[in-house]
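This report walks through strands, cores and selected residues. Keep the coordinates open while reading.

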Amino acid sequence: MHAAIAMISGGLGDIGQAIARAFCREGVAVSIGDIRSGAAASPLLTELRAGGARADYHRVDVTDEPAVAQWIAAVTRRWGSPTIVVPNAAVFAQGTLLELTSAQWRRDLEVNLD
């Protein structure tokens, strides 16, 4: 087991990747979560692991509670209980106030706040 274990939602965005790199430089085991495919995570994982980092990827939608629970369970099985959680996932609907649908608004709130 490792002393520090981080989970980063929205980990394939620019900010999430920067956070993952910074943690890995400090020896933190990093589990990256995002809604993008595993193929999208491959370049970052290759980079991190080439530097000796412990890093993995889980495709997960943060609005799907069972999926998040499965991600936490997988990380716990692999490395132990997470010690750092970075709630970095975020979305925003583009357009004017009159163009924004209630479904878009709810999705933004669900991802960004819940």
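## Ile 5 and its surroundings

In which strand is Ile 5 found? Ile 5 sits in strand β1. The model is predicted, and that applies to every value below.

Is Ile 5 buried or exposed? Its relative accessibility is 1%, under the 20% limit, so Ile 5 counts as buried. Setting aside neighbours within four places in sequence, Ile 5 is in contact with Val 28 and Ala 29. The other contacts of Ile 5 are Val 75, Trp 79, Gly 80, Ser 81, Pro 82, Thr 83 and Ile 84. Gln 104 is another matter: 99 residues separate it from Ile 5 along the chain, and their C-alpha atoms lie 33 Å apart.

## Strand pairing and crossovers

β1 and β2 run parallel, paired over 5 bridges. Within this pairing, Ile 8 has Ile 32 of β2 as its bridge partner. Together, β1, α1 and β2 form a right-handed β-α-β unit.

β2 also pairs with β3, again in the parallel sense and over 5 bridges. Here Ser 31 has Asp 56 of β3 as its bridge partner. From β2 the chain passes through α2 to β3, and this β-α-β crossover is right-handed.

## The two faces of β2

How many residues of β2 are buried? The count is 6 of 6, which leaves the strand mostly covered. Ala 29, Ser 31 and Gly 33 point one way. Val 30, Ile 32 and Asp 34 point the other way. Both sets are buried.

## Nonpolar cores

In soluble globular proteins, nonpolar side chains tend to be buried together. The largest nonpolar core in this model has 16 residues. Which of them touch the most other members? They are Leu 12, Ala 20, Val 30, Ile 32, Leu 45, Leu 48 and Tyr 57. Five elements give two or more residues each: β1 (5–9), α1 (14–25), β2 (29–34), α2 (38–50) and β3 (55–59). The largest share, 4 residues, comes from α2.

Leu 12 shows how this core is surrounded. Beyond its neighbours within four places in sequence, Leu 12 is in contact with Ile 32, Ala 40, Ala 41, Leu 44 and Tyr 57, among others. Its contacts also include Gln 17, Asp 34, Arg 36 and Ser 37. A second core, separate from this one, has 8 residues. Met 7, Val 60, Ala 67 and Val 75 are among them.

## Asp 56 in β3

Asp 56 is found in strand β3. Why does Asp 56 count as buried? Its relative accessible area is 5%, and buried means under 20%, so Asp 56 qualifies. A polar contact of 3.2 Å links its side chain to that of His 58.

Not counting residues up to four places away in sequence, Asp 56 touches Val 30, Ser 31 and Ile 32. It also touches Leu 45, Arg 49, Arg 78 and Trp 79. Of these, Ser 31 is the bridge partner already described.

## Thr 101 in a loop

Where does Thr 101 lie? It is in the loop between β4 (84–87) and α4 (102–112). Thr 101 has a relative accessible area of 38%, between the 20% and 50% limits, so it is partly exposed. Cys 24 is 77 residues from Thr 101 in sequence. Their C-alpha atoms are 40 Å apart in space.

Definitions and conventions
Residues are numbered from 1 along each chain as its sequence is written. This is a predicted model: local features need pLDDT of at least 70, side-chain atom pairs count only at pLDDT 80 or more; totals for chains, interfaces and linings use all residues. Side-chain values use heavy atoms; hydrogens and water are left out. A nonpolar core is a set of buried Ala, Val, Leu, Ile, Met, Phe, Trp, Tyr and Cys residues joined through side-chain atoms within 4.5 Å. Buried means under 20% relative accessible area, exposed over 50%, partly exposed in between (1.4 Å probe, protein chains only). Contact means heavy atoms within 4.5 Å. Two strands pair if DSSP finds at least two bridges between them. A crossover is right-handed if, with the strands pointing away from the viewer, the path from the first strand over the helix to the second runs clockwise. A polar contact is a pair of N or O atoms within 3.5 Å; within protein, one must be able to donate a hydrogen and the other to accept it, and residues adjacent in sequence count only if both atoms are side-chain atoms.
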